[in-house]
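Open the model in your viewer and keep the selection panel handy. We will go stop by stop.

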There are 2 protein chains.
Amino acid sequence: MSWSRQGRKRRGYHHGNLRETLIAAALDLIAEKGPAGFTFAEAARLAGVSPAAPYRHFRDRDALMADVARRGFERFAAELARAWDEGRPEPFEALQNTGRAYLAFARTEPAYFTAMFEAQLPPDLDPELARAADQAFAVVRQASETLCARLPKPTRPPSLMVSLHVWAMAHGIATLFARGDAARRALPMPPEDLLEAGLLVYLGGLGLGGDQNR
Amino acid sequence: MSWSRQGRKRRGYHHGNLRETLIAAALDLIAEKGPAGFTFAEAARLAGVSPAAPYRHFRDRDALMADVARRGFERFAAELARAWDEGRPEPFEALQNTGRAYLAFARTEPAYFTAMFEAQLPPDLDPELARAADQAFAVVRQASETLCARLPKPTRPPSLMVSLHVWAMAHGIATLFARGDAARRALPMPPEDLLEAGLLVYLGGLGLGGDQNR
DNA sequence: AGCTCATGTAAAGGGCTTTTACATGAATTG
DNA sequence: CAATTCATGTAAAAGCCCTTTACATGAGCT
């Protein structure tokens, strides 16, 4: 075919960087048209290769999706960890920062978020995927543990349970209200404020209220 | 309700109840293979009609999905309302019942739940869909309002905010932990108990704690 | 009985997925 | 440096799905 150097990228018969290019194309397509709007064929088209070429790099469409999800969880974990910052300047505020980071990721990286939580991937597809997801949850887990440690032992709740509550509230707000563009419901306040208030009330209910948090 | 040949083989050229049969087939397929595993063509096959027949009843595949989602929200709203039971026997317990109903619906009706929250339907597809969803949320809204009314005005939080927190926590737990089968994470307790504890802490944080709730 | 129209079918165009056989050329090796 | 290897590309094809169009059927009304 006379595709004489249409895109300046490709220099010859071989693409040279197809795997990464396909992932970038998938992110674009998912962000633009939802997780169902991404097709192997169109990613290949964007990369300027034939529809069969992607199969040299991914077993099938789901494998690419799983790779996107895994990368997403890795970035997500990094963002959350950065926000938590080992509890600095102070655990309560650091947890609020982590919550904001959760929502920010859902909003600014809808493609990753979608692949991570809504692509309905067979969970046994990739052990690395589960590991990356666990790493993200570990940040919330660590934050909850630090906060729980402030409570006197007799009234101290199981920190795992607390982390699940925190995660659930953040995730619920993210999926119901903080998604990129569409299914958003009219809110009386920004999702970030909603989550901040929710965590404040919840932690208050644990006995982590008032001055000891500032 | 079953005025037509439900469950029987069609006897003639016309099916007689294709619309309902297609919806039933869609529910089966979604429950079995996820929302992406449902195809118009296969639903038609299950109903014993040609691939073009469904277009006499639904504009396209998304329209059928939207109808399933709408019906799901209607049932969901009914289940939540039944659990809330106008705050009987007592608002705090009634809210816990409502939370359990939320999780129960997610678990026992994965097909509806999936169509409602994860089918990525264009939100402007069907005004009835949005109305039905609002009706479900109205139950949580009403419950939160009733509970907030117990607080003295000076410390009373906006009940809309409270309802959003309750909804987010229930939805987060439902989507992360209480789904039908697959993406479930190992939990130290049943999702129902997790939600009950979360609501207890949260409401305690609002000042709705202790004896006044029993 | 005859008509009408909702509801079905057949056929076809276009797209996606995945496999198989073959082509290319970059990297390795003698 | 030349030959070979093998990862990475293409072409072609089978199978499935979505959707439209033209046509067929027969249920219900007059």
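## Stop one: a contact on DNA strand C

Select Arg45(A) and DNA strand C. An N or O atom in the side chain of Arg45(A) sits 2.7 Å from a phosphate oxygen of the strand. Keep in mind that this is a predicted model.

Now add Tyr55(A). Its side chain also has an N or O atom facing a phosphate oxygen of DNA strand C, at 2.9 Å. Next, pick Arg61(A). Here the backbone takes part: a polar backbone atom of Arg61(A) is 3.3 Å from a phosphate oxygen of DNA strand C.

## Stop two: the surroundings of DNA strand C

Select every residue within 4 Å of DNA strand C. You should have 24 residues. Which of them come nearest to the strand? They are Arg45(A), Tyr13(B), Ser50(B), Arg56(B) and His57(B). Look at the chain letters: residues of chain A and of chain B are both on that list.

Switch your attention to the DNA atoms. Of the atoms of DNA strand C within 4 Å of the protein, 61% belong to sugar and phosphate.

Highlight helix α2 of chain A, residues 40–47. This helix gives three residues to the surface near DNA strand C, the largest share. Then colour that surface by class. It shows 11 nonpolar, seven polar and six charged residues.

## Stop three: DNA strand D

Hide DNA strand C and show DNA strand D. How many residues surround DNA strand D? There are 25. The closest are Tyr13(A), Ser50(A), Arg56(A), His57(A) and Arg45(B).

Zoom in on three contacts with phosphate oxygens:

- Arg45(B): a polar side-chain atom lies 2.6 Å from a phosphate oxygen of DNA strand D.
- Arg61(B): a backbone N or O atom lies 3.3 Å from a phosphate oxygen of DNA strand D.
- His15(A): a backbone N or O atom lies 3.0 Å from a phosphate oxygen of DNA strand D.

Sugar or phosphate makes up 61% of the DNA strand D atoms within 4 Å of the protein, and bases make up the rest. Select helix α2 of chain B, residues 40–47. With three residues, this helix gives the most to the surface near DNA strand D. By class, that surface holds 12 nonpolar, seven polar and six charged residues.

## Stop four: one whole chain

Hide the DNA and show chain A as a cartoon. Count the elements: chain A has eight helices and zero strands. From the N terminus on, the order reads α-α-α-α-α-α-α-α. Along the principal axes, the C-alpha atoms of chain A fill a box of roughly 75 × 35 × 30 Å.

## Stop five: two chains together

Bring back chain B. What rotation superposes chain B on chain A? A turn of 180° does it, with 0.0 Å of shift along the axis and an RMSD of 0.0 Å. That is the relation of a two-fold axis. The same surface serves both copies: 100% of the contact residues of chain B recur in chain A.

## Stop six: a pocket

Last, find the second largest pocket. About 540 Å³ of space lies in this pocket. Its lining has 26 residues, and the closest to its centre are Pro35(A), Ala36(A), Pro35(B), Ala36(B) and Glu118(B). Now select α3 (61–84) in chain A and α3 (61–84) in chain B. These are the elements that give two or more residues to the lining. Colour the lining by class to finish: 13 nonpolar, five polar and eight charged residues.

Key. Residues numbered from 1 in each chain as written. Chains lettered and ligands numbered in written order. Predicted model: local features only at pLDDT ≥ 70, side-chain atom pairs only at ≥ 80, totals over all residues. Heavy atoms only, no water. Polar contact = N/O pair within 3.5 Å; in protein donor to acceptor, adjacent residues only side chain to side chain. Helix = DSSP H or I, 4+ residues; strand = E, 2+ residues; numbered from the N terminus. Nonpolar A, V, L, I, M, F, W, Y, C, P; charged D, E, K, R; others polar. 1 Å grid on protein atoms, 1.4 Å probe; cavity = no way out; pocket = protein on both sides within 12 Å on 5 of 7 lines; lining within 4 Å. Points joined across faces, edges and corners; volume = space filled by probe spheres on them. Least-squares fit on C-alpha atoms with pLDDT ≥ 70 in both. Contact = heavy atoms within 4.5 Å.
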